[in-house]
Amino acid sequence: MAQNKKALFIIFGGTGDLAYRKLYPALYKLYKKNYLNENFAVIGTARREWSDPYYQEVVYDSIQEIKKSDEDAKEFASHFRYQSHNVNDTENYISLLKLADELDEEYDLEGNRVFYLSVSPSFFGTVSSHLRAENLITENGFNRLIIEKPFGSDFVNSDVLNNDILESFSEEQIYRIDHYLGKEMIQMLLALRFGNPLFKKIWNKDFVSNIQVTLAEDMGVEERGAYYEQSGALRDMVQNHVLQIVSFLYMDEPKSNDSNAIRKVKVEALRDLKIINKDNINHNFVRGQYSSSKDNLDILDYVSEHEVDPDSTVETFVAGKIESTHENWKGVPLYIRTGKRMKAKKTQIDIVFKNDATTFFPAQEVKENVLSIHIGPDEGLSLQLNNKKIGHAFEIEPIHLTYQPSADAPEDYERLILSALTGDKTNFVHWDELAESWKYIDSIREAWTNADSPLYLYEANTNGPKEANELLENDNNYWIWN
Ligand code: BG6
């Protein structure tokens, strides 16, 4: 039986797309599973002038597809209040405090507060210092600050942001979201790596030929042109999701299943990445931008998208060869690839094992063993093995052992919000990880500038420029998913 959690959520950015698409449905799922029941309340804030009934209607609307019954959805939405809020205005925090205290009393929340910042990072410091100054942080309960990415735009800027937040909240109270850490299959990666001697013993340079990480999207930048012009694929996907996956793939076995122990080995893995500079960038990283599609004339080039500069040189695709200086991984390339307007939505990790040529089975007859972890949209595992072909002759053929988890696995935001409620920081990004990942990303950006690296155009609905394939071909490798 799920244990009921008591808390008040104050969501900054309550009228936003993320809140509607992810947060309200995630809270509803926790409510349905009884992690939240009568002892929770939510205050949504944003600049717009919305009334409580209107806000509750929006919340009710956001859970239409998953609601158990109408009555249930309405009861859930009745826990929500709205306050129109200017993040710079002290008076607004004073009325927020009044409302928060009323709800605390009404729902018996014991002073537990989760402040959720789904706003521009330029407001992180202001909001957190007002929360402290206007006494929204309680003495009796827990106070946790969840922040959505982007956490700045480079190391220096994110360090400043972080220090601003640290004036009001301690690192222990800060929960930086990377929603990839809430995905079932990312968690499964740890179980696979450290729960099976079969993989544990061979997860190193002696047995692994190369690793491939693909985060492909078929969508373009949609309505987010203005944001994307500032971020590009490197900051939007590589700095966070890709490097988090890389740290899980490379890290040593943690001393225990405790968030500090896991963080320690993740930080070390990031620290061991071979730094990129202007001399090696063009052999290791490729940037691209989508152009229109020959087959689908409705698809715009990136530079024609809404709020995008017609002369923009922002990358919508990045492929790279990452290397680790760690003794276990020397010489094993880890290829990454992410982009918008690729062939399909596909997030996948492929571990390609070395092909072991013997006289019994010459190498050309056996395929590599490949462990593929399918993160989304379909979740699962597959393992490519060589097996005897049925029949009189002794021939071998590749087979695939597959596994698909049951459909009711918790979703990313649901898992992360519950972790924040229970105070489990394992699936949140610690400042040390963030600092290391920014330093690596900054080295790529600087090298691109210093080496005057080309921006390759690629046709929409393809898997990026051919130069991304050449990264692998130059090492006699090829993309497992293409
Ligand atoms: C977000 C990026 O962090 O991740 C988006 O800002 C991207 O641009 C999204 O579309 C991808 O997440 P998922 O879970 O759909 O793979």
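The ligand in this predicted model is surrounded by Lys-149, His-179, Tyr-180, Lys-183, Glu-217, Arg-224, Asp-236, Met-237, His-241, Lys-340 and Lys-345, a residue being counted when one of its heavy atoms lies within 4 Å of the molecule. Among these residues, Glu-217 places a side-chain N or O atom 2.5 Å from an oxygen atom of the ligand, while a polar side-chain atom of Lys-340 lies 2.7 Å from a ligand oxygen, and an N or O atom in the side chain of Lys-345 is 2.7 Å from an oxygen atom of the ligand; a polar contact is a pair of N or O atoms within 3.5 Å. Local features need pLDDT of at least 70 and side-chain atom pairs count only at pLDDT 80 or more, whereas totals for chains, interfaces and linings use all residues. Residues are numbered from 1 along each chain as its sequence is written, and side-chain values use heavy atoms, with hydrogens and water left out.

Lys-149, listed around the ligand, is joined to Pro-150 by a cis peptide bond with omega of about 0 degrees, and Pro-150 is found in the loop between strand E5 (143–147) and helix H6 (155–166); helices (H or I, at least four residues) and strands (E, at least two) are DSSP runs numbered from the N terminus. A cis peptide bond also joins Gly-376 and Pro-377, with omega of about -5 degrees, and Pro-377 occupies the loop between strand E12 (370–376) and strand E13 (380–388). Asp-108, although not a glycine, has a positive phi of about 55 degrees and is found in the loop between helix H4 (90–107) and strand E4 (113–117).

The axes of helix H7 (residues 184–195) and helix H9 (residues 225–250) come within 10 Å and cross at roughly 10 degrees, the axes being lines fitted to C-alpha atoms over the stretch in contact and the angles running from 0 to 180 degrees between N-to-C directions. H7 and H9 are therefore roughly parallel to each other, a description applied to angles under 35 degrees. Their contact (heavy atoms within 4.5 Å) is made by Ile-186, Leu-189, Leu-190 and Arg-193 of H7 and by Ile-245, Phe-248, Leu-249 and Tyr-250 of H9.

Note on methods: Parallel < 35°, antiparallel > 145°, perpendicular 65-115°, else oblique. Polar contact = N/O pair within 3.5 Å; in protein donor to acceptor, adjacent residues only side chain to side chain.
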